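The following exercises are to be worked with the sequence and the structure at hand. Each task is followed by a solution in steps.

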Amino acid sequence: MIPALLNAALGVVPLATKLDPWEVMPPGIWLIFGVIGLPVYIAFLGWFLGKPRQLKTSALGVTLFLTLVTALWGGLFATTLVIRAMFFG
Amino acid sequence: MATSPGEPEDIIRPILNTSKKYYIAFGVAAAIALLWSAVYGWQLEEGLIVTNLADWGSGGGSPWGLYIGAFIWWVGIAHGGIILSAAVRLFGMERYQPVARMAELLTLGALSMAGLYILVHMGRPDRLVLSVVPAYPWTVRTSPLAWDVTVITLYFVMTATYLGLTIRYDVYHLRDRLPNYLGPFYSLVTLGYSEIEEEVIERMVWWLALGIIVLAPLLLHGGVIPWLFSLVPSMPGWDGAVQGPQFLTIALTSAIAGVIILSYICRWAYDWEHIFSDAMFRGLTNWLGLFGLLFLWLQLQQVINGVYAEPIAGETAMVARITQPYYIFAIGTVIVILAYIFAQAVDQRQFSLARSVVASVLMLVATLTEKVLFVFEGLLYPHFSLYEAVPGHYFPSLVEFSSLAGTVALCTIFFLVILKLFPVVELHAVEDHHDDHEPAHDEEVSS
């Protein structure tokens, strides 16, 4: 009885693991959001935790940062739409 | 010799006065930009067939050429510009404070031109945003192109934030001398300004400078941009970890050259000899020499490795590179420039502003040539000499060459517009020198 159970249990134990670190943590995830992002995170932390600090001014900096990201990609999107209307409409 | 103090009136003169030189420069730049937009319109109508780019492989051509080479070149100029400004703030390099903002603006102008080149290089530029943004969560995992888009966005935004924070002080303190018709713009720029924020802003900009000085040289032009090429295993001409430092040295060389040219033009146009002193230009020339030397040194590393006992594919690519007349021209030009810089370093009498400006222009020509060659020769010499017998070659068409004139003209227009909006020299650069009664030799030491 017991050997039969053990035999059956062994059958479901994987003999090899298929753990591909490239799939678990693709390079872009740790390179971009870990390493490349680090100087940006440090700058932001410095704004909010360093001295002298002022919440209003730090918030202004963050707002400016986010507005610029939006304006950059929004502006690019608008430009591409104009190109589409003029040349590929 | 220390930089002579200027007056606040000096730095707002470009905003208040418009000279004949300004109108001529604007007219010429606008004409060139318009002409190129017509050429680009033609390319949009007909497709990339009007360039000399062609299908790779059995097509016998190179799909990447001047457009991608110029993209890297502009990114390189951009990266070095803000590094200079960040170094001034972090390391107290006071001598270069007058050109710090110009360097920041060069970053924004040059990065915009680099982005434009991506648009211009696409067969269907109207699909750019929608092909990048929705797929981003997947592409960022493994695609160096997605990484590239990320870091360029970050870099542009960090630089613009840096500029946006620093001009608040200048605009606020100069507001009563600035023209009223730009009032809404100045109100927006100084929104919520209070004098107690000055110390905080100064510290916030310091933190940003710290981020930029790590991000720009080590991670962008010394990392992500070269990965676009060096991670492609099938092209021995692009291969190798040396591309990181190699790209970085070329970027810094190009950027210093760009700053020298821009500063010289402003000095000539606005009689800013007392702000942009000869000593400052000589210092910049020496930096140009140092980075140029590193550029050559890493080229030599690649050449020696490529011809000594390299596997056949790498040797083929390297022999093709070093026998290419344009490569010899580029490297020879850098050697001649370095000879001048070395001569003026050991004998100050050899220095002249005109020579340094000519050296800078030639340096930009040399770095652009090297970049374009790097891009398309890498593609033309793949492993296994796969397409050895396929006829075809690449030389940029007039359409592609015209883009260089067009982007330089657009960057010029960008600067001409900025000159009318806010001071391109920081108010601190003038004030600090007024407050500074230290002996002149202290500045020599600090720089």
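**Exercise 1.** What radius of gyration does chain A have, and what value would a compact globule of 89 residues have?

*Solution.* The model under study is a predicted one.
Step 1. For a compact globule of 89 residues, the radius of gyration would be near 12 Å.
Step 2. The value for chain A is 26 Å.
Step 3. The C-alpha trace of chain A spans about 75 × 55 × 20 Å along its principal axes.
Step 4. Burial may be added to this description: 25% of the 89 residues of chain A count as buried.
Step 5. The accessible surface of chain A is about 6200 Å², and carbon and sulfur atoms account for 78% of that area.

**Exercise 2.** Describe the secondary structure of chain A, and locate its cis peptide bond.

*Solution.*
Step 1. Chain A contains 5 helices and 0 strands. Read from the N terminus, its elements follow the order α-α-α-α-α.
Step 2. The peptide bond between K51(A) and P52(A) is cis, with omega at about -5 degrees.
Step 3. P52(A) belongs to the loop between α4 (38-49) and α5 (55-87) of chain A.

**Exercise 3.** Determine how the radius of gyration of chain B relates to the globule rule.

*Solution.*
Step 1. Chain B is built with 17 helices and 0 strands.
Step 2. The globule rule gives 22 Å for 447 residues, and the radius of gyration of chain B is 23 Å, close to that value; therefore chain B is as compact as a globular protein of that length.
Step 3. The C-alpha trace of chain B spans about 70 × 50 × 45 Å along its principal axes.
Step 4. Of the 447 residues in chain B, 57% are buried.
Step 5. Consider the contacts in chain B between residues at least 6 apart in sequence: 82% of them join residues at least 24 apart.
Step 6. The accessible surface of chain B is about 18200 Å², with 68% belonging to carbon and sulfur atoms.

**Exercise 4.** Compare the end-to-end distances of helices α7 and α13 of chain B with the spans expected for them.

*Solution.*
Step 1. Helix α7(B) covers residues 144-174, which is 31 residues. From its first C-alpha to its last it reaches 45 Å, close to the 45 Å expected at 1.5 Å a residue.
Step 2. The helix α7(B) nevertheless has a kink of about 30 degrees, centred on I167(B).
Step 3. As for its surroundings, α7(B) is mostly covered, with 26 of its 31 residues buried.
Step 4. Helix α13(B) covers residues 325-346; its 22 residues should span 32 Å at 1.5 Å a residue, and its end C-alpha atoms are 32 Å apart, so the two values agree.
Step 5. The buried residues of α13(B) include Y327(B), I331(B), V334(B) and Q344(B). The partners against which the buried residues of α13(B) pack are α11 (278-308), α12 (312-322) and α14 (353-380) of chain B.

**Exercise 5.** Which residues have the most contacts inside the largest nonpolar core?

*Solution.*
Step 1. The largest nonpolar core comprises 157 residues, and W74(B), F229(B) and F276(B) have the most contacts inside it.
Step 2. The element that gives the most to this core is helix α3 (residues 66-91) of chain B, with 18 residues.
Step 3. Take F276(B) as a case. Leaving aside residues up to four places away in sequence, F276(B) touches several residues, among them P98(B), M102(B), C266(B) and V425(B).
Step 4. One of these partners, P98(B), can be followed further: P98(B) is part of helix α4 (residues 97-121) of chain B.
Step 5. Buried means under 20% relative accessible area. The relative accessible area of P98(B) is 1%, so P98(B) is buried.

**Exercise 6.** Are D271(B) and F384(B) buried, partly exposed or exposed?

*Solution.*
Step 1. Exposed means over 50% relative accessible area, and partly exposed lies between 20% and that cut-off.
Step 2. D271(B) has a relative accessible area of 48%, so D271(B) is partly exposed. Its place is the loop between α10 (243-270) and α11 of chain B.
Step 3. F384(B) has 75% relative accessibility and therefore counts as exposed. F384(B) is located in the loop between α14 and α15 (398-419) of chain B.
Step 4. The backbone angles complete the description. Phi of D271(B) is positive, near 50 degrees, in a residue other than glycine. F384(B), which is not a glycine, has a positive phi of about 65 degrees.

Technical notes. Residues are numbered from 1 along each chain as its sequence is written. Chains are lettered from A and ligands numbered from 1 in the order in which they are written. This is a predicted model: local features need pLDDT of at least 70, side-chain atom pairs count only at pLDDT 80 or more; totals for chains, interfaces and linings use all residues. Side-chain values use heavy atoms; hydrogens and water are left out. Helices (H or I, at least four residues) and strands (E, at least two) are DSSP runs, numbered from the N terminus. The expected span of a helix is 1.5 Å times one less than its number of residues. The bend at a residue is the angle between axes fitted to the seven residues ending there and the seven starting there. Buried means under 20% relative accessible area, exposed over 50%, partly exposed in between (1.4 Å probe, protein chains only). A nonpolar core is a set of buried Ala, Val, Leu, Ile, Met, Phe, Trp, Tyr and Cys residues joined through side-chain atoms within 4.5 Å. Contact means heavy atoms within 4.5 Å. The radius of gyration is taken over C-alpha atoms; the globule rule is 2.2 Å times the number of residues to the power 0.38. Accessible areas come from the Shrake-Rupley method with a 1.4 Å probe; for residues, only the protein chains shown count as cover.
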